[in-house]
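Hi,

Here is the model I promised to pass on to you. Have a look at it first, and then read on for what turned up.

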Amino acid sequence: MAEKWSFLQDQDVLDFNRDIERYHLGPLWHAIPDLMKHQPEPHAQAYLWKYSLLEKKLMEATQIFTPDRGGERRAIYLQNPGLNYRKPWGWASTTQTLYAAVQLILPGETAPSHRHVQNALRFVMEGEGAYTIVQGERIFMERGDFLTTPNGFWHGHGHPGTKPMIWMDCLDIPTIYFLGGTFFDPYPERLQEPEVPDNYSAQRYEGGMVRPISDRYPKKAPLAAYKWKRTHEALEGLSRFEPDPYDGYAVEYINPSTGETACPTIASWMQKLPKGFHTKAHRHTHASIYHVFEGSGYTIINGVRFDWEKGDFFVVPNWAWHEHVAEEDSYLFSTNDLPILEKFGLEREEAFENNNGHQTVTGEFTPVLG
């Protein structure tokens with residue numbers, strides 16, 4: 001095969017390549033081996049961010065940044081080191097396609113309402129007493145809650161409570177930036193006022209997996225908040241049966257009026273890994289961002305061991321071998337770009353066949369702690 005492509009280094013080929021570049025043209029014969037690989041070779045790297053560092057930096061940010069000074073949100077995003085070359089701002093890329101951040105709001109603060117074409121979701125990590133207001137619905141958030149904000153919805157935050165609140169944001173910012181379709185609008189009156197009772201959609205769906213008959217036709221976001229209590233109950237019910245060998249006990253947040261992912265471009269899962277459970281390794285085309293909601297353990301990604309504990313974040317790039325080991329009962333919240341891959345017909349999955357499905361550890365990741 002190497003001999004087949006050796007002519008590309010002949011002088012007449014190189015001279016012609018340089019000649020057509022002057023006219024903003026390109027030689028497919030030279031480009032195709034790099035552009036059309038036999039399998040994915042993502043630029044995103046496997047990486048892990050410690051919560052101790054994230055929390056420290058968020059608290060430092062409270063001394064120099066407040067929503068009143070501008071800047072919309074006190075949020076620090078997780079920049080994948082393999083994607084730093086993207087300009088500007090590394091496209092805020094945690095994976096090839098998704099952005100993730102940690103956001104902090106203090107008691108007494110408000111973050112102004114705005115809307116954008118990016119789809120957004122959040123998972124509440126710590127605290128109590130704060131709310132988000134989405135399309136006129138004020139939703140008070142609690143630890144473990146999952147919330148979704150589809151593109152084009154007005155949303156802002158306020159905190160009449162007494163304890164700081166921290167949550168994870170995930171948006172499809174890199175995808176929208178790449179496609180060149182971004183739009184953003186600030187709300188005229190800073191923070192939108194309520195138009196329906198507080199926690200309106202959660203009250204409408206207190207029955208769980210039954211829905212109001214008015215929602216039998218598709219809606220963008222009929223349920224704005226998915227409470228941790230119900231998610232935990234679902235996982236406990238699933239735990240009575242055999243776990244999935246690759247993901248343990250896992251559930252997906254869905255739109256109850258369509259049965260599809262709760263967020264159109266971002267899938268979100270919560271999984272339980274019982275103490276001592278060791279998943280088998282596999283890989284898939286979609287990339288995942290994990291947050292350790294509870295527990296401790298480690299994940300082996302392409303042979304490298306990543307140790308994690310409560311609060312940490314880590315990334316599994318697309319087409320990377322990975323397996324999880326729980327050292328205590330653990331709950332992992334994750335987001336991924338599976339809906340995007342599926343829309344393009346690109347999703348593939350492959351099981352690791354050697355060594356009874358387990359990788360050999362060839363190294364250990366050392367986090368940057370400052």
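Asp 34 and Lys 37 are joined through their side chains by a salt bridge, with N and O 3.8 Å apart. Keep in mind throughout that this is a predicted model. Of this pair, Asp 34 is exposed, at a relative accessible area of 55%, and Lys 37 is partly exposed, at 38% relative accessibility.

Another salt bridge links Arg 305 to Asp 307, where the closest N and O atoms are 2.9 Å apart. Arg 305 counts as partly exposed because its relative accessibility is 21%, just as Asp 307 is partly exposed with a relative accessible area of 31%. Going back to the earlier pair, Asp 34 and Lys 37 belong to one network with Glu 41, held together by salt bridges that share partners.

A further example sits within a helix. Arg 18 and Asp 15 form a salt bridge whose closest N and O atoms are 2.6 Å apart. Both residues are in helix H1, which covers residues 11-21, and they are 3 residues apart, or about one turn of the helix. Arg 18 has a relative accessible area of 45% and so is partly exposed; Asp 15 is partly exposed as well, with a relative accessible area of 38%. If you are wondering about the total, the count for the model is 24 salt bridges.

Now to the cysteines. How many disulfides does the count come to? The answer is 0 disulfides. As a reminder, a disulfide is a covalent bond between the sulfur atoms of two cysteines. For Cys 170, the closest cysteine sulfur is in Cys 263, at 7.8 Å, and that is too far for a bond. The cut-off for a disulfide is a pair of cysteine sulfur atoms within 2.5 Å, so a distance beyond it does not qualify. Seen from the other side, Cys 263 has its closest cysteine sulfur in Cys 170, again at 7.8 Å and too far for a bond. Cys 170 is buried, with a relative accessible area of 0%, and Cys 263 is buried too, at 1% relative accessibility.

You may also like the surroundings of His 282. This residue is found in strand E15, residues 282-284. Is His 282 buried or exposed? His 282 counts as buried because its relative accessibility is 2%, and the limit for buried is under 20%. The side chain of His 282 makes a polar contact of 2.8 Å with the side chain of Glu 349. Apart from neighbours within four places in sequence, the residues in contact with His 282 include Tyr 246, Asp 247, Trp 321, His 322 and Phe 352. Glu 349 is also among those contacts, along with Glu 350 and Ala 351.

Finally, there is a sheet to look at. This open sheet has 5 strands in the order E7-E6-E9-E4-E11, and the pairing is antiparallel. Strand E7 (137-142) and strand E11 (184-186) are the edge strands, each pairing on one side only. On average, and ignoring direction, neighbouring strands of the sheet are turned by 25° against each other. Inside the sheet, strand E4 (residues 110-116) pairs with strand E9 (residues 155-158) in the antiparallel sense, over 3 bridges. One residue to pick out is Thr 110, whose bridge partner in E9 is Gly 158.

Happy browsing, and best wishes!

Definitions and conventions
Residues are numbered from 1 along each chain as its sequence is written. This is a predicted model: local features need pLDDT of at least 70, side-chain atom pairs count only at pLDDT 80 or more; totals for chains, interfaces and linings use all residues. Side-chain values use heavy atoms; hydrogens and water are left out. Helices (H or I, at least four residues) and strands (E, at least two) are DSSP runs, numbered from the N terminus. Buried means under 20% relative accessible area, exposed over 50%, partly exposed in between (1.4 Å probe, protein chains only). A polar contact is a pair of N or O atoms within 3.5 Å; within protein, one must be able to donate a hydrogen and the other to accept it, and residues adjacent in sequence count only if both atoms are side-chain atoms. Contact means heavy atoms within 4.5 Å. A salt bridge is a side-chain nitrogen of Lys or Arg within 4 Å of a carboxyl oxygen of Asp or Glu. Two strands pair if DSSP finds at least two bridges between them. Axes are lines fitted to C-alpha atoms, for helices over the stretch in contact, and angles run from 0 to 180 degrees between N-to-C directions.
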